[in-house]
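Hi there,

Here is the structure I promised to pass on. Have a look at it first, and my notes on it follow below.

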Amino acid sequence: MLILPFTDLPDNFHHVSPTNSTRVTSSQRYRLSWTTIIERSDPRFDALTEVFMGEFRPIDTFGVAGTESQEHSVLWFGPADIIARFEANPAAGIPWDEFNQQGVRADRWPNDDAWQQVIPATTWNPDGQGIVAEYSFDDGGSVVVYEMLGRPALLSSGVSKSPNGPTPLVTFHCTRCHEESGHHDRYMSARPDDRRIVCQQARRHMRPGRCGGAEANARNDRMVAVVQEAFGRPVTGSTEGLYAAQCATKDLDPNGILVSSSCAEVREARTHTARHHATAGERA
Ligand SMILES: [Zn+2]
Ligand SMILES: [Zn+2]
């Protein structure tokens, strides 16, 4: 098993279904996250090849490559020697041409028990902290999908026990209405499918009428003012921007259970992404 170093794909373009704007069907660019070779002599061979249909089902030793984008994943499988040559000398570059010309591509990485033991857990960002995707409104603000360490409310498929301590999670926040999403939208980030599901929710929030926008802000500004008054700190003058300001200065609590997403978390994720890009730049 070879695990590739982190590569971000900023400004990657995703294609969506013509009938459902939230369903991503493929992306312009993918990164290679891991490769491995499954030997014919592997006792798990039958279980691992079971997921491949008919003529595509390998009958001998084969190579596998896990490629993914922010919102999509593709499993390549084909001649083992392509993977063996690459693993022997990764510095020579990823054999994208050979992947295109030989082997088979399957939508998503397999998800059954046998493959879950082979495929490593992945996050989009190193250490699971940083920006995953961002969708901008025409008139300002955006919906941001990001990873951070915390307590996920929803576990990855195949994971039955909540991990001890903070673990990578993926969630989203709307910097325009600050409303959508809550602690129930915090997914464990261990597989591309985890990121895909949160990105789909973020895309749904971009649909007309979904974002509360300025109206939601005004309503929440009044609510904050009422609460402050109740605590003996009445707001004098305009209440505009109170809610957004609260969102930007929320405590970052990696151990919190009922935490909801915030601009404070988004800012923290941006800091991590800037650091990852700087480190990747030094390495290149
Ligand atoms: Zn919104
Ligand atoms: Zn916010």
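**Notes on the sheet and the two domains**

Glu68 stands opposite Ser73 in S6. Please keep in mind that this is a predicted model.

That residue pair belongs to a wider picture. Strand S5, residues 62–68, runs antiparallel to strand S6, residues 73–78, and 6 bridges join the two. Helix H2, residues 80–88, packs on the sheet. H2 touches S1, strand S4 (31–38), S5 and S6, and its direction makes about 115° with that of S4.

So how many strands form the open sheet, and in what order? There are 5, arranged as S1-S4-S5-S6-S7, with antiparallel pairing. The edges are strand S1 (2–3) and strand S7 (104–107), each of which pairs on one side only.

Now for the domains. The domain assignment of the protein gives domain 1 as 2–118 and domain 2 as 126–283. Taken over C-alpha atoms, the centres of domain 1 and domain 2 are separated by 30 Å.

Where the domains touch, 14 residues of domain 1 are in contact with 16 residues of domain 2. Which element gives the largest share of the domain 1 side? That is strand S3 (residues 20–27), with 3 residues. By character, the residues on the side of domain 1 that touches domain 2 divide into 7 polar, 4 charged and 3 nonpolar.

Happy to talk it through whenever suits you.

Best wishes

Notes:
Residues are numbered from 1 along each chain as its sequence is written. Chains are lettered from A and ligands numbered from 1 in the order in which they are written. This is a predicted model: local features need pLDDT of at least 70, side-chain atom pairs count only at pLDDT 80 or more; totals for chains, interfaces and linings use all residues. Two strands pair if DSSP finds at least two bridges between them. Helices (H or I, at least four residues) and strands (E, at least two) are DSSP runs, numbered from the N terminus. Two residues are in contact if their C-beta atoms, placed from the backbone, lie within 7 Å. Axes are lines fitted to C-alpha atoms, for helices over the stretch in contact, and angles run from 0 to 180 degrees between N-to-C directions. Domain bounds come from an automatic or database domain assignment. Ala, Val, Leu, Ile, Met, Phe, Trp, Tyr, Cys and Pro count as nonpolar, Asp, Glu, Lys and Arg as charged, and the others, Gly among them, as polar.
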